[in-house]
Structures are given as C-alpha cells and as structure tokens.
Amino acid sequence: MFRFLWQLLGESPFRGSVNPTRAPLLMSSGFRRSLPFPHPWNFREPIQILESLFVDADSVTGSGRHTVYLSVPGVAPFLVTRDPQLIRAIAVETGDKDGQFDRDTLPSDGIARATGVDSLLYSNGPQWRHQKKLAASPFGKSTLFQPENFEEFFQTFRETVRDRLEVCRRTAAENGGSVEVSLEAEIKPVMMEMLTNSFFGAEVSYDEIRNRYVPSLELIIDDIVRDTVMKRLPVPGFLTRPNKNQREQLKAARADFEQLTEIVLSKRSSGEGLWRQFKSDVPDEALKTNLRVFLAGALEATTSYAAWAISHLARHPEIQEQLYQELQPVERYSPEVLSDSLVLTRVLDETLRLTPSLYFLPRRATANVIVRTTDGRDLEIPKGTHVLLDVWHANRHEDHWGTAITGYPAMDFAPDRWRVLAERNVDSKEMLHFGFGHGPRVCPGKHLGQLEVALVVGSFVKLATFRALSSHNPAKAGVSTKPADGCRIRLTLREQYRNPDHPTAEQRND
Ligand code: HEM
C-alpha cells in the first residue's frame, strides 16, 4: 500500500548511501525499441534493453551512475545495477537463509517449463539447498581435478576434440590448407559430445549428436526465450503461440531431448563416467530435471565461452601466437599445466570479462534488506524488488575496468590487463568478472566448463591460425550471449598439418 503511494508520488522506494537513478519508462530514441523491458519487438535484443536503461546514466555523477530503477505504480520495482561492488554484495547475500535474495524466477519461467521446476538452477530455499548438495560431489573441483579423475576425463575429452579437429584438418588440407567456417556450428556438437559421452559415459554417435540432438536443443532453447517473454504479456495466447508447423517441430524436439536425458541417465546403474562419483540413492526420476538443465545449460554456456574465446583470438593474431608459443610444448594437460598456462588463463578470463556467457544474474528480495558493499556504501532494497545484476555492462565500463585501473580500455580485448593488475597488486577479489557468478549460487559446472573450453581453445590454436572475416565483433543474446557472426573465420592449417593423408604421430598426440 505504502509502496503504491510512493510510486504514485514518484518517490524512490530505495534508501541508503547508494541512490539509484530512476530510468524513464519511455526512452527518447523512438518508441518501440526504447521501451526498457522485453516486448514482442525487442525481446531478441536483451543487451540493448539493458543498455537503454543506462542511456543517460553516464552524465550522472555519484552513486546513481551505475544503478538505476524502474517503477510502475502497482508493480514491484526493478533495480538494475552495473556496479561491481553492489553486484558482489547482492550475489553474496543470495541463498536460503532468512532475508537473503532468491534467484528471480521471472526471467527463467521458460526454462522451468522446458526442464522442470525443481532444478538447481530454478529452485530457491530448501529445495535449492537439497539440489546443491546432490550436485556438489560430481562437479566439485576436488572430484574433477583429482589426478585419476582428471586423467580419465582428459583422455576422453581429448579423443573427442582430436577426432573432430581431424575432420576439420582434412577438409582444410583438401582445400589447400585453408578454409572458411562458421565455428559455432562445429563447437556445439563437440561440447555436447564431451558432456554426454565423456562426462556421463553414454555412447551417442557423433552424427546423432550433430544432426539430431543439437538441432533439437537449439529449437528448445530458442523457444525458451520466446516463451518466457510471451507468457508474461497481457495479450491473448493465440496471438503469441507458435504456428502449427513450429508446434510440431517443437514436439519432436522435446521428444529428442527426453530421449537424450534417458540415455544419459541409463548409464547411472553401471556407474559409467561421472556417475561413479555420484553417491546418492535418489530415484532416477528425481534427477531428470537437473540432467535437462545440465544438458541444455552446459551446451549453451560452454559453446558461448569457447566461441567467444576463438572469436576474440581471431581478431588478435599476436595473442593467438603468444598462446601457440605457450601451448606448443604441452602434450599432456594436468591441473598444474592448466594453472601454469598464464596466457591461456588470461585469455579465458578476459573472454568472460568482456563477453560473459550469462549477461545478467537475476535476483529477488525476499524481505526488506540492507546490503552493504565492501567499500562502505549501503542500499535498502524493499521486499519483492526484482534485481538484475547487469554483469555485461559492469564488465565493460571504463570506471571499473578502464585504462586508469587495468592499463587498457575497458572495451578492448586485452588479456594482458590481468598481468597489469597482478603487477599493480590489485586484490583479485576486487576485480571480479562474475563469468561463473559469485557467492552461494556460483556455477557448479565451473571446473568442468573451464577444462572443456581450455582444451578446445588450446587444441584449436595448435592446429591452425585463424582470422575473423570482419573486425567488428557484435553479440547476439538469448539464454546466453554468442558472437553474432556465428564465429565465422578463415582457418589456415599450421605447416605440419597440411598433408591430407598422413597425420604424424605428434599430431595424434595433440
Ligand atoms: C563453461 C561455461 C559456463 C559458464 C560461463 C557458466 C555460467 C554460469 C553462471 C554465471 C551461473 C550463475 C547464475 C546466477 O548466479 O544467477 C551459473 C549457474 C549454474 N550453472 Fe553454469 N556455466 C557454465 C557451465 C556449466 C556447466 C558445464 C554446468 C553443468 C553441467 C552448469 C550448470 C549450472 C547450474 C546448475 C547453475 C545454477 C547453480 C545454482 O543456482 O546454485 N554450468 N553458470
């Protein structure tokens, strides 16, 4: 009631030393594209929607520069922040304790309809805590990076990557050593194969993965975005429903997804792959929701991460060469090799900073709560507020990541900034890119994803040099972000890989 009155009077519902700026509901740059929330004409451009909220913020001095809010009488306020300190404070205060933030389910309704509501990703409170315990053992760093486990996963991952790169190598070799490809389409099946076959121990053929399961999941993921936005709009369902043909394709895609989930789950009883580490007696049925989330989410996020890394390297031949020099002598990866590979680590960190796969983290205030940043500011957020932690724009702002702090402009892809930061002794806890989230709801697949992406990027750099076909590198965004050009590159095989027929013994060890 009080909130409604406040909103009518145009009062800010927020209190504290952080004073968010009110974002106008209609932006001046035209009507449709400038509404700062998703609707049928703009929902394929979520990054631009976030951007439009900050359109005037750069002229603000003080604490409203990086935090804005939207207020409509009768509707819970939306708070959007690109302030890294505030992002961190809210991420740390997310969990199942009294007064802590929930993950806001509003932007992931469609995911829940496609995968189920009781997943680790979607649930909150005690249900989330329970799911988290279940996921801890197989995904934890101690499991994945234990010498025997690491070696086993690494071998199977390497075989997968090697087989796929061999096809790529052959195609290029038959074309005089150089070929143009849209690499995103090649990365996706490799990522899925690593997950289903190497990690979950299934034996799905590459053809099935590439021609059936990946296209089906693409369709489902695309529909998740449409479904999430359209179901919220106050318009009759028949206006926003897919047509008959699309509905049939979706039905078939969902059946494929279900079948893939069953295949992966069927390996549990014989303890293949990761299932060996999975110590729980919950019935198979109770694991399905999480498996669907792992399959779809991991495919999206790891493809995004690897495609962005290659896409940036394709525009920076000098960094590609540094990476090649670093990795060329490496024959066997181990956790130590991975952590000693400084160029690789910086390239991957810089990739997640500049182009995070998940571009915002949604939260919801479960009580009136005061959050405090580590630099001594506070903000009282009323119960029910939808909070968008806008990681994409936080990571690209000169105030936080610019030349004065990191030695390089924030908008540049510059892995060397991480060396500068280390040399300047900047506390690494102060420079978070949130690429895997932060706090209690941090990504459980972080170590698995990093291992997969490091391997794919490392192996690719050793096979070929590659150049982007355009210098501009814009993003497309749905559930995750990806290079808008589909990672289109011209690759040229390194000298030693050009013979179409005779890969050498060293090649087989790459
Ligand atoms: C390597 C690429 C990956 C990236 C960049 C990534 C990114 C993220 C981020 C940013 C979050 C936090 C979301 C939030 O705070 O609201 C998250 C959560 C999550 N990720 Fe990942 N992820 C990756 C790989 C994976 C993999 C391989 C899996 C599983 C096989 C996975 C499963 C999950 C789950 C279940 C959550 C929700 C955790 C919770 O709410 O407690 N992710 N991921």
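**Overall fold, ligand shell and a few unusual residues**

A compact globule of 510 residues would have a radius of gyration near 24 Å, and the protein chain comes in at 23 Å, so the two agree. Keep in mind that this is a predicted model. Laid along its principal axes, the C-alpha trace of the protein chain spans about 75 × 55 × 45 Å. There are 21 helices and 13 strands to find in the protein chain. Of its 510 residues, 42% count as buried. Sequence neighbours are not the whole story here: taking contacts with a separation of 6 or more, 73% of them link residues 24 or more positions apart.

Next comes the ligand. The shell around the ligand has 24 residues, and those that come nearest are Ala301, Gly437, Cys443, Gly445 and Gly449. Sorted by character, the shell splits into 14 nonpolar, seven polar and three charged residues. Two helices worth picking out are α12 (284-313) and α20 (446-463), each of which supplies at least two residues of this shell. Helix α12 gives the largest share, with seven residues.

Now for a pair of strands. Strands β7 (residues 369-372) and β8 run antiparallel and are joined by four bridges. One of the pairings puts Val371 opposite its bridge partner in β8, Leu379. The hairpin made by β7 and β8 has five residues between the strands, and in this hairpin Gly376 takes a positive phi near 90°. Side chains in a regular strand alternate between the two faces of the sheet. Strand β8 (residues 378-381) has Leu379 and Ile381 on its covered face, while Asp378 and Glu380 sit on the uncovered one.

Finally, two residues stand out for their backbone angles. Most residues other than glycine have a negative phi. Phe434 is not a glycine, yet it has a positive phi of about 60°. To spot Phe434, look in the loop between α19 (417-423) and α20. Phe434 counts as buried because it has 23 C-beta neighbours inside 10 Å, and the cut-off for buried is 20 or more. Cys487 is not a glycine either, and its phi is positive too, at about 65°. This cysteine, Cys487, lies in the loop between β12 (481-483) and β13 (488-493). With 25 other C-beta atoms within 10 Å, Cys487 is therefore buried as well.

Notes: Residues numbered from 1 in each chain as written. Predicted model: local features only at pLDDT ≥ 70, side-chain atom pairs only at ≥ 80, totals over all residues. Near = placed C-beta within 6 Å. Nonpolar A, V, L, I, M, F, W, Y, C, P; charged D, E, K, R; others polar. Buried ≥ 20, exposed ≤ 12 C-beta atoms within 10 Å, placed from the backbone. Pairing = 2+ DSSP bridges. Rg over C-alpha atoms; globule rule 2.2 N^0.38 Å. Contact = placed C-beta atoms within 7 Å.
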